[in-house]
Amino acid sequence: SVDEVKRILTSAASLPSPRGLRGPTCSTLFGLLAVTGMRVGEVSSLDRDDVDLEGRVIAIRHGKFGKSRFVPFHRTTRDILESYARKRDGVFPRPRTPAFFISEHGRRVSPWCAQDNFAEVSRQIGLRQETGGPFGRGPRLHDLRHRFAVTTLIHWYRSGEDVDREMPKLATYLGHTRVVDVYWYLQAVPELLELATKRSERAAKDGAR
């Protein structure tokens, strides 16, 4: 939910570290995943030159299956990214890596590091059970991508958009190789399946008139 995402970002921002960079890095990285639906590997692979803050677009040069694409983002996201970049550059004015997201030790943040921190934060705020590994069992970092796709589709259905026409846009934005891959979300989420079914029933009734 929106509230749970806010709690995750707030808790992540407070993660302790000697240089004070761990919290801002994790909170900003998690937030970017939530508002763009990017894969964690794509975000961790970003270099500074890939993030155009002025133009508000991210260049993903080597995504899954070797696909490249551009991901535009909102001005509010730009403000958060700019704030993080200032904090990052203040801690590491001469970094040894071109990475956009830098760890407390001055290295590129790995997907595994991001996943571990997400699990830790989720446990701290009660979203993960205490059993099942060091951080419990519960939401995964990849679920932010899933949430982005689902909320986009739900918004389209509720606002009366032609979802079949819009679907290729979402597939391209997410970096799917096939549009049909996006339809999986309809089957995976009961609310989406219900909305899609109702839309189909209305279309069938209109066609029978």
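Student: Let's start with tyrosine 173: is it buried or exposed?
Tutor: Tyrosine 173 is buried, as its relative accessible area is 18%. Keep in mind that this is a predicted model.

Student: And how about phenylalanine 148, buried or not buried?
Tutor: Phenylalanine 148 counts as buried too, at 13% relative accessibility.

Student: How many aromatic pairs are there?
Tutor: The count comes to 5 aromatic pairs. One of them joins phenylalanine 100 and phenylalanine 101, with ring centres 5.0 Å apart and planes at 80°.

Student: Why does that pair count as edge-to-face?
Tutor: The planes of phenylalanine 100 and phenylalanine 101 are at 80°, and planes over 60 degrees apart count as edge-to-face, so the pair gets that label.

Student: Are those two rings buried or exposed?
Tutor: Phenylalanine 100 is buried, with a relative accessible area of 3%, and phenylalanine 101 is buried at 1%.

Student: What about the rings of phenylalanine 148 and tyrosine 173, stacked or edge-to-face?
Tutor: That pair is stacked, because the planes are at 20°, and under 30 degrees is the cut-off for stacking. The ring centres of phenylalanine 148 and tyrosine 173 are 5.7 Å apart.

Student: Where do the two residues of that pair sit in the chain?
Tutor: Phenylalanine 148 is in helix H6 (residues 143–158) and tyrosine 173 is in helix H7 (residues 163–174). They are 25 residues apart, so the pair links distant parts of the chain.

Student: Back to phenylalanine 100. Which residues form an aromatic cluster with Phe100?
Tutor: Tyr84 and Phe101 do; together with Phe100 they form one aromatic cluster.

Student: What sits over the ring of phenylalanine 100?
Tutor: The charged end of arginine 88 does, 4.8 Å from the ring centre.

Student: New topic: how many disulfides does the structure hold?
Tutor: The structure holds 0 disulfides. Cysteine 26 is in no disulfide, and the nearest cysteine sulfur, in cysteine 113, is 6.1 Å away.

Student: Why is there no bond from cysteine 113 to cysteine 26?
Tutor: The two sulfurs are 6.1 Å apart, which is too far for a bond; a disulfide needs them within 2.5 Å.

Student: And are these cysteines buried or partly exposed?
Tutor: Cysteine 26 is buried, with a relative accessible area of 8%, whereas cysteine 113 is partly exposed at 31%.

Student: Last one: how many cavities of 30 Å³ or more turn up, and what lines the largest cavity?
Tutor: The search finds 1 cavity of 30 Å³ or more, and the largest cavity holds about 30 Å³ of space. Its lining is Leu33, Met38, Arg39, Val40, Leu141, His142 and Arg145, divided into 4 nonpolar, 1 polar and 2 charged residues.

Technical notes
Residues are numbered from 1 along each chain as its sequence is written. This is a predicted model: local features need pLDDT of at least 70, side-chain atom pairs count only at pLDDT 80 or more; totals for chains, interfaces and linings use all residues. Side-chain values use heavy atoms; hydrogens and water are left out. Rings of Phe, Tyr and Trp (its six-membered ring) pair if their centres lie within 6.5 Å; planes under 30 degrees apart count as stacked, over 60 as edge-to-face and the rest as tilted. Buried means under 20% relative accessible area, exposed over 50%, partly exposed in between (1.4 Å probe, protein chains only). Helices (H or I, at least four residues) and strands (E, at least two) are DSSP runs, numbered from the N terminus. A charge sits over a ring if NZ of Lys or CZ of Arg is within 6 Å of the ring centre and within 35 degrees of the ring normal. On a 1 Å grid over the protein atoms alone, a cavity is a set of points where a 1.4 Å probe fits but cannot get out, and a pocket is an open set with protein on both sides within 12 Å along at least five of seven lines; lining residues have an atom within 4 Å of a point. Grid points are joined across faces, edges and corners, and a volume is the space filled by probe spheres set on the points. Ala, Val, Leu, Ile, Met, Phe, Trp, Tyr, Cys and Pro count as nonpolar, Asp, Glu, Lys and Arg as charged, and the others, Gly among them, as polar.
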